[in-house]
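Thanks for coming. I have one structure to show today, and I will keep it short.

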Amino acid sequence: MNGSPTLPTGPGGSAPAPVAPRLAGPSPASVARPSEAGGPVGVGPVGVVGLFDVDELGAEGIAEVLSDAEGFEAVLARPIPTVPALRGRAVATAFFEPSTRTRLSFETAARRLSADVLTFAAQGSSLSKGESLADTVRTLRALGADLLVVRHQSAGVPYQVARWSGLPVVNGGDGAHAHPTQALLDCAVLTRHLGDLAGRRILIVGDVAHSRVARSLVSALVLLGADVVLVGPPTLLAPGLVAAYPDGRVRQSEDLDRELPDADAVYLLRLQHERMVTAGLLPELAEYVRLYRLDRRRASRLPAGVPVLHPGPMNRGVEIDPEVADSERSLVTEQVRMGVPVRMAVLWRLLRAPESRPAALAVDGIETGAGTELAPGAPGRSAIDPAVPSGSAAPPTGGGPGPGEAARVAAQDAESARGGPRRRGGATGGRA
Ligand code: CP
């Protein structure tokens with residue numbers, strides 16, 4: 001994990017309270033991420049491929065994904081905003097918890113890359129007839145999925161899904177643990193508005209204790225050199241998260257009004273009542289609103305141009321006043337919009353030819369369902385072959401993609417549309 005600390009994953013900095021899986025299969029505790037098992041991320045007993053949290057990427061990997069996302073933004077601005085980069089591949093969204101933005105933007109991203117999309121939503125599925133989580137993901141594989149995007153209310157489930165399915169998995173949010181693509185898109189938006197994030201002070205305000213968004217975002221911001229202030233009532237802060245960064249890059253505060261004048265950006269969080277298993281964490285909603293809602297009066301304490309972000313869904317009138325949510329400071333819509341190119345970049349990196357896949361997104365273990373042993377961290381080697389079709393694009397020379405590789409996809413697509421030959425080394429290969 002490139003030197004980043006092991007992060008606590010639950011309220012108050014403790015490990016996530018293991019929520020008993022509703023379905024058959026190992027408990028989340030048995031699929032704890034490798035770092036929690038004592039080893040560095042990327043080397044552990046769990047043979048998995050995918051993106052499980054943002055710290056796996058390191059600062060360099062984050063920068064590469066954001067650079068590729070910029071290239072895909074250019075694709076999305078075209079009259080026909082689609083490239084054939086993942087034609088013949090299938091992305092399944094396996095969501096066991098509600099979602100609007102994450103699921104729709106992953107599905108849009110997959111379609112913009114010409115992949116097929118399989119949508120699984122727990123509600124209305126055969127889970128209600130007693131089918132297990134394991135059998136559900138095996139079913140998605142049997143139906144042709146090449147990659148699973150997984151959201152689940154229990155921390156750690158994406159790792160287990162990767163083991164059961166033998167497919168690459170992208171964590172679309174697991175319990176209070178992690179939401180890596182949200183952090184990536186947030187960093188894309190913040191970087192666009194603030195430039196280099198090194199030395200910038202970002203306030204993350206609200207229910208930090210139950211927020212997977214906060215955990216992944218803190219990790220990403222620290223990797224990019226920012227300073228983070230976690231702001232909220234003491235019962236909703238996460239002292240363990242602060243302690244995980246002994247260099248002082250992350251601190252906490254209960255006084256939003258005092259922190260606002262020195263902020264470079266304010267990131268608001270929703271109160272996650274559904275994860276508040278301990279009663280009395282928030283005795284008075286009115287008190288919370290009085291002290292922490294970002295309304296017009298509070299926003300006026302911010303220096304001019306300081307942006308306000310929120311991952312959504314917003315509870316207008318609770319953590320954010322509608323006037324602020326709809327003001328010029330608000331980047332909420334831009335965050336949603338950036339979800340598509342950022343997720344295109346992640347899908348593309350995971351599903352293009354394995355020999356050209358960068359290690360940061362490719363290898364996270366040594367034990368594989370196929371019995372293949374990997375050198376931990378071996379660049380370009382995959383623990384699990386995600387059914388890459390023969391005739392895939394040759395790897396670009398020099399290893400992983402450089403910045404602008406995604407834009408090259410667009411150029412190749414244009415060439416393809418003109419009937420010209422595909423260049424070797426591109427990302428447009430796939431089943432024709
Ligand atoms: N930000 C986010 O994860 O939103 P959804 O729950 O709508 O996916």
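I will go through the sheet, then one helix, then the ring contacts.

Please keep in mind that this is a predicted model.

Let me begin with the sheet. Five strands make it up, it is open, and the order reads β1-β5-β4-β2-β3 with parallel pairing. The edges are β1 and β3, each of which has a pairing partner on one side only. At the β1 edge, the partner is β5, residues 169-174, and the two are joined in the parallel sense over two bridges. If you want a place to look, find Leu51, which stands opposite Val170 in β5. Helix α2 packs on this sheet and touches β2, β3, β4 and β5. The direction of α2 makes about 175° with that of β2.

Next is α4. How many of its nine residues are buried? The count is eight, so the helix is mostly covered. The buried residues are Val157, Pro158, Tyr159, Gln160, Val161, Ala162, Trp164 and Ser165. And what covers them? The cover includes α3, residues 133-142, along with β4 and β5. Just after α4 comes Gly166, with a positive phi near 70°.

Now the rings. The model has four aromatic pairs, and I will show two of them. One is Phe52 with Tyr159, at 4.6 Å centre to centre and 15° between the planes. That pair counts as stacked, because its planes are under 30 degrees apart. Where do the two residues sit? Phe52 is in the loop between β1 and α1, while Tyr159 belongs to α4, so the contact ties together parts that are 107 residues apart in sequence. Both ends are covered: Phe52 is buried at a relative accessible area of 0%, and Tyr159 is buried at 1%.

The other pair is Phe96 with Phe120, where the centres are 5.1 Å apart, the planes make 45°, and the arrangement is tilted. Here Phe96 comes from the loop between β2 and α2, and Phe120 from strand β3, one of the edge strands. The two positions are 24 residues apart, and the pair links distant parts of the chain. Phe96 and Phe120 are both buried.

One last contact involves a charge and a ring. Arg352 lies over the face of Trp348, at 4.6 Å from the ring centre.

To recap, we have an open parallel sheet of five strands, a mostly covered α4, and a stacked pair that joins Tyr159 of that helix to the loop after β1. That is all from me.

Definitions and conventions
Residues numbered from 1 in each chain as written. Predicted model: local features only at pLDDT ≥ 70, side-chain atom pairs only at ≥ 80, totals over all residues. Heavy atoms only, no water. Phe/Tyr/Trp six-rings, centres within 6.5 Å; stacked < 30°, edge-to-face > 60°. Helix = DSSP H or I, 4+ residues; strand = E, 2+ residues; numbered from the N terminus. Buried < 20%, exposed > 50% of the residue type's maximum accessible area, 1.4 Å probe, protein only. Lys NZ or Arg CZ within 6 Å of the ring centre and 35° of its normal. Pairing = 2+ DSSP bridges. Contact = heavy atoms within 4.5 Å. Axes fitted to C-alpha atoms, helices over the stretch in contact; angles between N-to-C directions.
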